[in-house]
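Grab the model and work through a few exercises with it. Each one sets a task and then walks through a solution step by step.

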Amino acid sequence: MPWQFNFTKRQWLTLAVMGLADFCNAICVSLQAPFFPNEAEKKGATATEYGLVFGVFELVVFIISPIYGQYINRIGPKVLFNTGIFTTGTSAIIFGLLDRIPSHTGFISAAFVIRIVEALGNAAFLTASFAIIAKEFPNNVATTFASLETCFGFGLIVGPMVGGALYSVGGYYLPFVVLGSALFGVAILTLCVLPRHVDEPTENGGKKASMMTLLRIPGVLVCSLAICATSASIGFLSATLEPHLRQFDLGPIVLGLVFVINGGIYAGTAPLWGLSLDRCLSPKVCSAIGCFLVVAGFLVVGPAPFFPVETSLAVIIVGLVFHGLGIAAVLVSGFTDALRTAIAHGLPDNIETYGLVSGLWTSTFAFGAFVGPSVSGFLFDAIGFRSSTLFIVVLELIVGSVIVLFICCCKTPTQYKEISSVESLLKSQDGQSIDGSVASRSSSLDITLRGYVPG
C-alpha cells in the first residue's frame, strides 16, 4: 500500500488528543525529579530509599504491561486508556500530599504505594495508546507512533522544569495539584473524543495471539533486545551524567540545558525516523543504525578510556547528540518492526495483536529503564564514569551485530496465511465501497506483497 498522509478528521482529532495526553502524562511522571530527593531527605530517607521509589515505577510497568497487552481485547483499548490516564492524574495529585506525613516510615511507605498505583495507570495508558495508534493509522504506524513519542519526550523535558518552577513558587503540593489536575482534564477530553473499538475475535484458521506466541518469533525477540538495551542506555545517563558533569562546576541553568540536549534531539528527530520508516527505510536497518549511533555516543560522552581525548563539555555534548539520534531510531523502529513481523508470521491483524506488541514494547523499555540506572550506579562507584560507559558500548555492539546478522541471514517466510482470505474479501467488495475494517485487513496483504522480510 503506498505511503499516505491524508488523515480523516477523526484521525487528526485522535492524534491531537492522544498527543496532548502523552505530553501531560510525561510531565506528571517526571515533574518530581528536581525536588523529591530533597523532600525525602527532610523526612530522613536515604538515597537508596528514594531511589527505589523511582525504580519501582519502572519495575511495575515491566511486570504489568504484558498482562494489559494480553487482555486489551477483552477490556477494550479506550477503557484501558481512560482508566490509565485517570489513575495517573489522580496519583499525581495524591503524591503532592506526601509532605504532610511526618514520619519517615509513613512517608516512604506511602510514596511506594502511590508510585506503584501510578505505574499501573501509566502502563495501561501507554499500552492502550500504542494499540489505538496501530488500529487507527494502519498506513502510518511509524509516523504517528513517532509523533506521540515526540510529545512524550517534550513532556519529559518540560516536566522537571515546570515542576521545579511551581515548587519554588508554592511549595511541594502546588506542582502536583496543578499538573495532575491538567492531566485529569485531558482524561475527560479523551473520554469524549477517542473512538471505541469493538472486540475482534480471531478468524478461523488464524493464530491465537498470546505473549508467548509473540516472543517465539525471532524477529520480535530481536526488536525487544534492541529496545531494552537502548532504554538501559537512557537510564544509565539519567543516573550518572550529573556526577560526571560536576567537574565543570556548571550553573543550574547550563546544567539543565545539557540534560535537555539528549531528550530534545530524541523528540525532534523521532518524526523524521518515523517518516523514513513509513516511506522507504527497513525497520531492522533503522534499529541497527540506531544501535551503532548509541555506541558512538557512549564512546564520545565519556570519552572512552582508550580514546586519547580529554573530557570536555563540548565532547560530552557531541556524545549526547549521537545518543539522542540513536535512541530515536531504535525506539521508533522497534514498535513498527515488531508489529509488522508479528502480522507477517500469521498473528491476526487486529487490536489483540496490537495490544500484545504495545505491552511488549512498554515492558521491555521499562525493564531497561530499571536495569540501566542500577548497573550504572554500581559501575560508577567501582570504576568511574569513563570506564563504566563501556558496559553500554559492549551491550549495544552485541545487539547491533545480532540485528545485522539477522538481516543478512533471515529468509523470507512463507506467504502470510491470511492473503487468500483478504483477497476473497476484497473481491467480494467489488463495486462497493471498502470500509475501514477491510482496508485495515488489506494492510496485512500489502506487507507481504511489498516484499517485507520479517524475522
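**Exercise 1. Start with Lys-42: find its salt-bridge partner and decide how well each of the two side chains is covered.**

Keep in mind throughout that this is a predicted model.

Step 1. Look for a carboxyl oxygen within 4 Å of the side-chain nitrogen. Glu-39 supplies one, with the closest N and O atoms 3.6 Å apart, so by that cut-off the pair is a salt bridge.

Step 2. Place the two residues. Both sit in helix α2, which covers residues 36–42, and they are three residues apart, or about one turn of the helix.

Step 3. Check the cover. Lys-42 has 56% relative accessibility and so counts as exposed. Glu-39 comes out at 8%, and that makes it buried.

**Exercise 2. Now take the salt bridge between Glu-118 and Arg-115 and work out where the pair sits and whether its members are buried or exposed.**

Step 1. Get the distance: N to O is 3.0 Å for this pair.

Step 2. Find the helix. Glu-118 and Arg-115 belong to helix α5 (residues 104–136), and because they are three residues apart there, about one helical turn separates them.

Step 3. Read off the accessibilities. Glu-118 is at 1%, so it's buried. Arg-115, with a relative accessible area of 4%, is buried as well.

**Exercise 3. Which parts of the chain does the salt bridge between Asp-337 and Lys-284 link?**

Step 1. Confirm the contact: the two side chains meet with N and O at 2.9 Å.

Step 2. Locate the ends. Asp-337 is in helix α12 (residues 313–344) and Lys-284 is in helix α11 (residues 283–301), so the bridge ties together distant parts of the chain, 53 residues apart.

Step 3. Add the cover: both residues are buried. For the overall tally, the whole structure has four salt bridges, and this is one of them.

**Exercise 4. Describe the largest nonpolar core: how many residues does it have, and which of them have the most contacts inside it?**

Step 1. Count the members. You should get 109 residues, and those with the most contacts inside the core are Phe-36, Phe-81, Leu-98, Leu-214 and Phe-335.

Step 2. See who contributes. Helix α5 gives the most, with 16 residues. Across the domains, the core takes at least three residues from each of domain 1 (8–197) and domain 2 (209–411).

Step 3. Zoom in on Phe-335. Leaving out residues up to four places away in sequence, Phe-335 touches Phe-130, Ala-134, Val-141, Phe-145, Val-357, Ser-358 and Trp-361.

Step 4. Don't miss the second core. It is separate and has nine residues, including Val-222, Ala-288, Cys-291 and Ile-403.

**Exercise 5. Move to the surface: which residues make the nonpolar patch of about 340 Å², and which helix gives the largest share?**

Step 1. List the members: Ile-67, Tyr-71, Ile-75 and Val-79.

Step 2. Assign them. Helix α3 (residues 47–75) provides the largest share, three residues.

Step 3. Test one member. Tyr-71 lies in helix α3, and at 38% relative accessibility it counts as partly exposed.

**Exercise 6. Finish with Gly-164: where is it, and how far is its C-alpha atom from that of Leu-31?**

Step 1. Place Gly-164: it belongs to helix α6 (residues 141–170). Its relative accessibility is 22%, so Gly-164 is partly exposed.

Step 2. Compare sequence and space. Gly-164 and Leu-31 are 133 residues apart along the chain, while their C-alpha atoms are separated by 7.4 Å.

How values were computed
Residues are numbered from 1 along each chain as its sequence is written. This is a predicted model: local features need pLDDT of at least 70, side-chain atom pairs count only at pLDDT 80 or more; totals for chains, interfaces and linings use all residues. Side-chain values use heavy atoms; hydrogens and water are left out. Patches are made of residues with over 30% relative accessible area and no salt bridge: like charges are joined within 9 Å, nonpolar side chains (Val, Leu, Ile, Met, Phe, Trp, Tyr) within 5 Å. Accessible areas come from the Shrake-Rupley method with a 1.4 Å probe; for residues, only the protein chains shown count as cover. Helices (H or I, at least four residues) and strands (E, at least two) are DSSP runs, numbered from the N terminus. Buried means under 20% relative accessible area, exposed over 50%, partly exposed in between (1.4 Å probe, protein chains only). A nonpolar core is a set of buried Ala, Val, Leu, Ile, Met, Phe, Trp, Tyr and Cys residues joined through side-chain atoms within 4.5 Å. Domain bounds come from an automatic or database domain assignment. Contact means heavy atoms within 4.5 Å.
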